[in-house]
Amino acid sequence: MVIDMDQEFDNDLFESSSRKALLETAPLAFRMRPQDLDELAGQSHIIAPGRPLRVWIDQDRVPSLLFWGPSGCGKTTLAQLIAKHTYSHFVTRSAVMSGVKDIKEVIEKAGETQKIYSRKTILFLDEIHRFNKAQQDVLLPHVESGLITLIGATTENPSFEVNSALLSRLRVLVLKPLSEDELMDLLRRALNNKENGLGGELFLEDESLKFLASIAGGDARRGLTLLESLSFSTTEKKLSLEKVKDLFKAGSISQPIQYDKNGEEHFNVISAFIKSLRDSDPHASLYYLARLIEGGEDPKFIVRRLIVFASEDIGNADPRALMIAVAAKDAVDFVGLPECRINLAQAVTYLSLAPKSNASYEGIENALKEVKETGALAVPLNLRNAVSAFMKNIGYGKGYQYAHQNEKAKVKQKRLPDGIKKKRFYFPKKVGFESNLFEKLSQLESFWDH
């Protein structure tokens with residue numbers, strides 16, 4: 001097996017005499033990286049004996065793959081284990097640090113390795129979603145020809161972030177967040193491992209491990225980092241659940257929220273936020289608001305979504321909703337974080353419990369569809385503005401009725417263009433204030449039609 005010495009985590013490093021010195025200073029999450037497939041936490045759905053990936057590895061016939069999963073689920077570790085268990089030249093690169101030139105060099109070396117040593121090259125490309133389309137296209141012919149076996153890793157939905165031509169040549173394997181039980185087992189191993197773990201220096205009961213696993217959110221790296229931070233934060237050998245929680249509350253241990261403002265989790269949380277508002281659930285709405293705030297989301301982005309929601313999902317069922325959302329925007333601008341969280345919470349709870357109607361949203365969509373289908377139909381002459389004598393002479397404004405000259409401000413006259421004069425776009429719902437508009441419109445249409 002030939003290993004590229006430029007890789008970030010060189011497997012030969014674990015075989016060298018400096019391994020012990022390295023592990024003494026390395027973070028716990030690095031020290032506890034599994035050295036065998038059976039040690040890998042989670043992902044049994046793809047790596048258990050008899051599963052396709054395990055078969056490919058055992059037969060040394062690993063195809064080009066794309067690992068898609070959240071942070072800390074084992075994408076990089078799994079790629080390293082594939083390198084260790086296959087007879088390949090293994091190269092690892094990060095899309096954040098590499099460019100087209102670097103990838104072309106890897107491809108050139110892959111050709112030499114194949115020609116001289118008759119060995120294939122596996123290229124592990126971490127954060128492949130960071131490559132733009134042009135950079136991804138460089139890989140395409142060499143993946144197709146089999147010169148390189150590409151193993152990409154991404155936290156982002158590959159349907160959006162990997163171009164379709166390259167994606168069609170990869171087998172996408174979805175890696176899952178670790179379950180609470182899987183994380184607890186991993187933390188137990190780290191507590192008891194004398195060579196690479198904490199070696200019994202700290203004892204935690206199951207309820208404390210369960211607490212750590214729950215806040216790790218399926219992220220093995222985060223769980224081990226929290227455990228290591230806990231060990232640094234006390235001289236006590238045995239910690240109760242209450243003591244563990246006290247250390248967290250005291251700020252001794254940070255609890256960063258998993259949230260990527262530019263990634264899929266951003267879209268997942270904001271989607272859940274809006275849908276909870278739409279379902280009139282203030283509890284879920286406040287929860288996802290808290291997720292957005294703790295994740296570092298710009299409050300201006302949050303309030304922009306509230307303003308859109310006020311018109312799209314509430315509309316005239318409660319006209320005050322838009323006023324409150326815009327007022328929240330002013331409060332965010334004027335107050336800022338952290339206090340503006342209170343203004344946002346007020347707006348969120350009001351909008352959540354307001355009556356819902358999407359009639360205004362559907363109305364403009366209906367009108368836009370009509371315009372796209374029928375184009376710029378002629379405006380009726382009676383509605384045209386006669387700004388010159390010539391225009392007046394040819395009929396502009398002729399027959400126009402000024403509504404305010406009628407006692408009830410209701411007139412019968414042509415307003416929509418010929419061909420669509422009977423079309424209707426706005427259909428008020430019988431909910432909230434909009435029920436009044438429903439009655440009003442029904443009366444008007446009865447008047448217009450008679």
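The legends below accompany three close-up views of this predicted model.

**View 1. Confidence along the chain.** Let's start with how far the predictor trusts its own coordinates. The protein has an average pLDDT of 85, and 91% of the residues reach at least 70. Helix H18 (residues 340-353) has the highest confidence, at 95, while strand E1 (residues 2-3) has the lowest, with a mean of 40. Over residues 1-15, pLDDT stays under 50, and the model gives this stretch 38 contacts beyond four places in sequence. A friendly caution applies here: predicted coordinates should not be read in detail where pLDDT is low.

**View 2. Helix H16 against helix H17.** Here H16 (residues 299-314) packs with H17 (residues 320-335), their axes 8 Å apart and at an angle of about 175°. Angles over 145 degrees count as roughly antiparallel, and the two helices are therefore roughly antiparallel to each other. From H16, the residues in contact are Pro-299, Lys-300, Val-303, Leu-306, Ile-307, Ala-310, Ser-311 and Ile-314. They meet Ala-321, Leu-322, Ala-325, Val-326, Ala-328, Lys-329, Val-332 and Asp-333 of H17. By class, this contact of H16 with H17 comprises 12 nonpolar, 1 polar and 3 charged residues.

**View 3. The second largest pocket.** Now for some empty space: the second largest pocket holds about 400 Å³. Its lining is made up of 15 residues, and those nearest its centre are Arg-415, Leu-416, Lys-421, Arg-424 and Trp-448. Sorted by class, the lining of this second largest pocket has 9 charged, 5 nonpolar and 1 polar residues.

Note on methods:
Residues are numbered from 1 along each chain as its sequence is written. This is a predicted model: local features need pLDDT of at least 70, side-chain atom pairs count only at pLDDT 80 or more; totals for chains, interfaces and linings use all residues. Side-chain values use heavy atoms; hydrogens and water are left out. Axes are lines fitted to C-alpha atoms, for helices over the stretch in contact, and angles run from 0 to 180 degrees between N-to-C directions. Helices (H or I, at least four residues) and strands (E, at least two) are DSSP runs, numbered from the N terminus. Angles under 35 degrees count as roughly parallel, over 145 as roughly antiparallel, 65 to 115 as roughly perpendicular and the rest as oblique. Contact means heavy atoms within 4.5 Å. Ala, Val, Leu, Ile, Met, Phe, Trp, Tyr, Cys and Pro count as nonpolar, Asp, Glu, Lys and Arg as charged, and the others, Gly among them, as polar. pLDDT is the predictor's confidence in each residue, from 0 to 100. On a 1 Å grid over the protein atoms alone, a cavity is a set of points where a 1.4 Å probe fits but cannot get out, and a pocket is an open set with protein on both sides within 12 Å along at least five of seven lines; lining residues have an atom within 4 Å of a point. Grid points are joined across faces, edges and corners, and a volume is the space filled by probe spheres set on the points.
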